[in-house]
Amino acid sequence: MDAQVATHHHESAAATYTKIAVVLFVMTALEVLAYEASHRAGWPMHGLVQPFLNEILIVLSAAKFALVAMFYMHLKSDSKIFSGLFVFPLIIATIVIVALLLLFSYLRSLHPVM
Amino acid sequence: MHPPTATGLDTRKLAIWTFIGSECLFFATLISNYLVYKGHSLVGPLPHETSQCMLHGQMTTCEPIFEIPLVTLGTAVLLFSSFFVVRALDGARAGNRTQLIRWLAATVVCGLFFVGMQVYEFTHFYHKGLGYTTNLFGSSFYTLTGFHGTHVTIGVIWLATILVLALRGKLPAEKAMNLEIAALYWHFVDVVWIVIFPVVYLMR
């Protein structure tokens, strides 16, 4: 009975991993399609995608990041201590990136040659 | 069954997560560096624009340097390698040696492909006139993607070592944690690329 439960769990986990792989692949394809659509005037939805290319890429990239972290790195089911060890530095990392971009943008407004 | 530690967690797993946390900050500084200098190069070659650049001692017109189809292929291969290593870990935990070896070998092959893609890309860029000190783009691009490539190379060596152990029958189910720790590192290398790919290659 235990072996049956283990086999069922094993198969269900494999199915989830496969679905995640397909979703990740599709999202990567969407990223590249958005890039191509925004760079080629003749492409469908060129006018719609071009002004929001960066926003589209950030959302898709964040979603891919979260899927790998939650399912492949098992943060969804593992101890919350591991999630904390990963998410806390991730928040600081995001703050560092935003702060440096704002700082250099401000400094360039004062000294345009930087 | 929890390990006999104060937290009830495996200390090696705690260590690798702490390391991954510190690596988040390391790559954040490199990504910041790339973004801060993006669009401020005075000479080419440039990632997305035609530019004037120095090639073989002469000023000439350089085409945009990125080859998106090749990098997209490398990205897809790296993403699939994350899927492969998680399947290998399933095999290791279940004591299924065939599954473990098959998926782990596929992961190593994917890692080697990615490193090969990056070596080809760097060589190709160099021959198109983009050296490490050519412009701000070259310096920040090679630093960011070079450090990531080094991490991938370390991951490939780590996983290949575990593959050899598995082939020798020295990775029973009770030692699956050895692979889990390497797999966590490998997934981290993958998520870093998930950020680098759009930031460096696709964003304007």
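In the predicted model, Gly95(B) adopts a positive phi of about 75 degrees immediately after helix α2(B). That helix spans residues 68-94 of chain B and contains 27 residues. The distance from its first C-alpha to its last is 39 Å, close to the 39 Å expected at 1.5 Å a residue.

Two further positive phi values occur in chain A, at residues other than glycine. Met45(A) has a phi near 65 degrees, and His74(A) has a positive phi of about 65 degrees. Most residues other than glycine have a negative phi. Both residues are placed in loops: Met45(A) lies between α1 (2-39) and α2 (46-49) of chain A, and His74(A) lies between α3 (53-72) and α4 (80-110) of chain A. Their surroundings were assessed by counting C-beta atoms. Met45(A) is classed as exposed because it has 11 C-beta neighbours inside 10 Å, and the limit for this class is 12 or fewer. His74(A) has 18 other C-beta atoms within 10 Å and is therefore partly exposed.

A backbone feature of another kind is found in chain B, where the peptide bond between Gly44(B) and Pro45(B) is cis, with omega about 0 degrees. Most peptide bonds are trans. Pro45(B) belongs to the loop that runs between α1 (11-37) and β1 (51-55) of chain B.

Within helix α4 (residues 136-167) of chain B, Gly149(B) was examined for its packing. Gly149(B) has 20 other C-beta atoms within 10 Å and so counts as buried, since the class begins at 20 or more. When residues up to four places away in sequence are left out, Gly149(B) touches Val115(B) and Gln118(B). The C-alpha atom of Gly149(B) is 9.9 Å from that of Gly111(B), a residue 38 places away along the chain.

The interface between the two chains was also described. Contacts join 37 residues of chain B to 36 residues of chain A. On the side of chain B that touches chain A, α1, α2 and α5 (176-202) each contribute at least two residues. The largest share is that of α1(B), which provides 13 residues. By residue class, this side of chain B comprises 23 nonpolar, 10 polar and four charged residues. Helix α2(B), one of the elements supplying this side, is also the helix that Gly95(B) follows.

Methods. Residues are numbered from 1 along each chain as its sequence is written. Chains are lettered from A and ligands numbered from 1 in the order in which they are written. This is a predicted model: local features need pLDDT of at least 70, side-chain atom pairs count only at pLDDT 80 or more; totals for chains, interfaces and linings use all residues. Helices (H or I, at least four residues) and strands (E, at least two) are DSSP runs, numbered from the N terminus. The expected span of a helix is 1.5 Å times one less than its number of residues. Two residues are in contact if their C-beta atoms, placed from the backbone, lie within 7 Å. Ala, Val, Leu, Ile, Met, Phe, Trp, Tyr, Cys and Pro count as nonpolar, Asp, Glu, Lys and Arg as charged, and the others, Gly among them, as polar.
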